[in-house]
Amino acid sequence: MRVPPAPDGAPAAPAGYRPREWSRGGVTRVMVAAPDGSLAARGQIAPTGGTAVADQVETAPGHRRKGLGSVVMRTLQNAAVRQGRGPASWPALPRGGGSTRRRVGRWWPC
C-alpha cells in the first residue's frame, strides 16, 4: 500500500493521551501513552531511498476506535515529509489470517 506524503499535521490525540516522537539512526518512532502511562499505540518509519516504510504500527486492544492509529500514521507521514521522503509504504498483511504485528508491550531498543 502506498500513500502520498501529508505535510498538514497529525490529528490531535484524544484528551489524556500523550504522543511522543523521536528519531535515531534515521528511523522515526512514535508512541502514544494512555492516561495511565501505559502503551496505547505505536509505530515507526524508516527511509528507503526516496521513500519511507512504516512498520510495527499497532494500537493496544483497550485503546482502539479512538483515532490513535491516525495520530501515529499522520505523525510518521509528517516525519517522512520533513526528511524529504516521498510516499510511505508498508508490508501488506497476509491473506487468510495472520498478522505482521508484534505483541503490545514489546518496544524498540533505545
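Biologist: Which glycine in the turn of the hairpin of β4 and β5 has a positive phi?
Modeller: Keep in mind that this is a predicted model. Here β4 and β5 run antiparallel and are joined by 7 bridges. They form a hairpin with 2 residues between them, and the turn residue whose phi is positive, about 70°, is Gly49.

Biologist: And which residue of β5 stands opposite Ile45?
Modeller: Strand β5 covers residues 51-59 and pairs with β4 through those 7 bridges. Opposite Ile45, on the β5 side, you'll find Ala54.

Biologist: How many residues lie between β3 and β4 in their hairpin?
Modeller: These two strands run antiparallel as well, with 6 bridges joining them. Val32 stands opposite Ala41 of β4. In the turn, Gly37 has a positive phi of about 95°, and the number of residues between β3 and β4 is 5.

Biologist: Is β4 largely enclosed or largely open, and how many of its residues are buried?
Modeller: To count as buried, a residue needs under 20% relative accessible area. Strand β4 spans residues 39-48, 10 residues in all. It is largely enclosed by the rest of the structure, because the number of its residues that are buried is 7.

Biologist: Which element gives the most residues to the largest nonpolar core?
Modeller: That core has 15 residues, and among those with the most contacts inside it are Tyr17, Val32 and Ile45. β3, β4, β5 and α1 each supply at least two of the core's residues. The one that gives the most, with 6 residues, is α1.

Biologist: Which residue of β5 does Leu76 touch?
Modeller: Leu76 is one of the core residues with the most contacts inside the core. Leaving aside residues up to four places away in sequence, Leu76 touches Thr28, Val30, Gly43, Gln44 and Ile45, plus one more. Strand β5 runs over residues 51-59, and the contact of Leu76 there is Val57.

Biologist: Is Gln56 buried or exposed?
Modeller: Gln56 lies in strand β5. Most residues other than glycine have a negative phi. Gln56, though, has a positive phi of about 50°. With the cut-off for buried at under 20%, its 18% relative accessibility makes Gln56 buried.

Biologist: What about Arg65: buried or exposed?
Modeller: Arg65 is found in the loop between β5 and α1. It isn't a glycine either, and its phi is positive, near 70°. Exposed takes over 50% relative accessible area, so at 86% Arg65 is exposed.

Biologist: How far apart in space are Gly62 and Ala40?
Modeller: Gly62 sits in the loop between β5 and α1. Gly62 is exposed, with a relative accessible area of 61%. In sequence Gly62 and Ala40 are 22 residues apart, while in space, C-alpha to C-alpha, the distance is 7.8 Å.

Biologist: Which residue lies over the face of Trp22?
Modeller: There are 0 aromatic pairs in the structure. Trp22 does have a partner of another kind over its ring, at 4.2 Å from the ring centre, and that residue is Arg20.

Biologist: Stepping back, in what order do the elements of the chain run?
Modeller: The chain has 1 helix and 6 strands. Of its 110 residues, 36% count as buried. For contacts between residues at least 6 apart in sequence, 58% join residues at least 24 apart. Starting at the N terminus, the order is β-β-β-β-β-α-β.

Definitions and conventions: Residues numbered from 1 in each chain as written. Predicted model: local features only at pLDDT ≥ 70, side-chain atom pairs only at ≥ 80, totals over all residues. Heavy atoms only, no water. Buried < 20%, exposed > 50% of the residue type's maximum accessible area, 1.4 Å probe, protein only. Helix = DSSP H or I, 4+ residues; strand = E, 2+ residues; numbered from the N terminus. Pairing = 2+ DSSP bridges. Contact = heavy atoms within 4.5 Å. Phe/Tyr/Trp six-rings, centres within 6.5 Å; stacked < 30°, edge-to-face > 60°. Lys NZ or Arg CZ within 6 Å of the ring centre and 35° of its normal. Core = buried A, V, L, I, M, F, W, Y, C linked by side-chain atoms within 4.5 Å.
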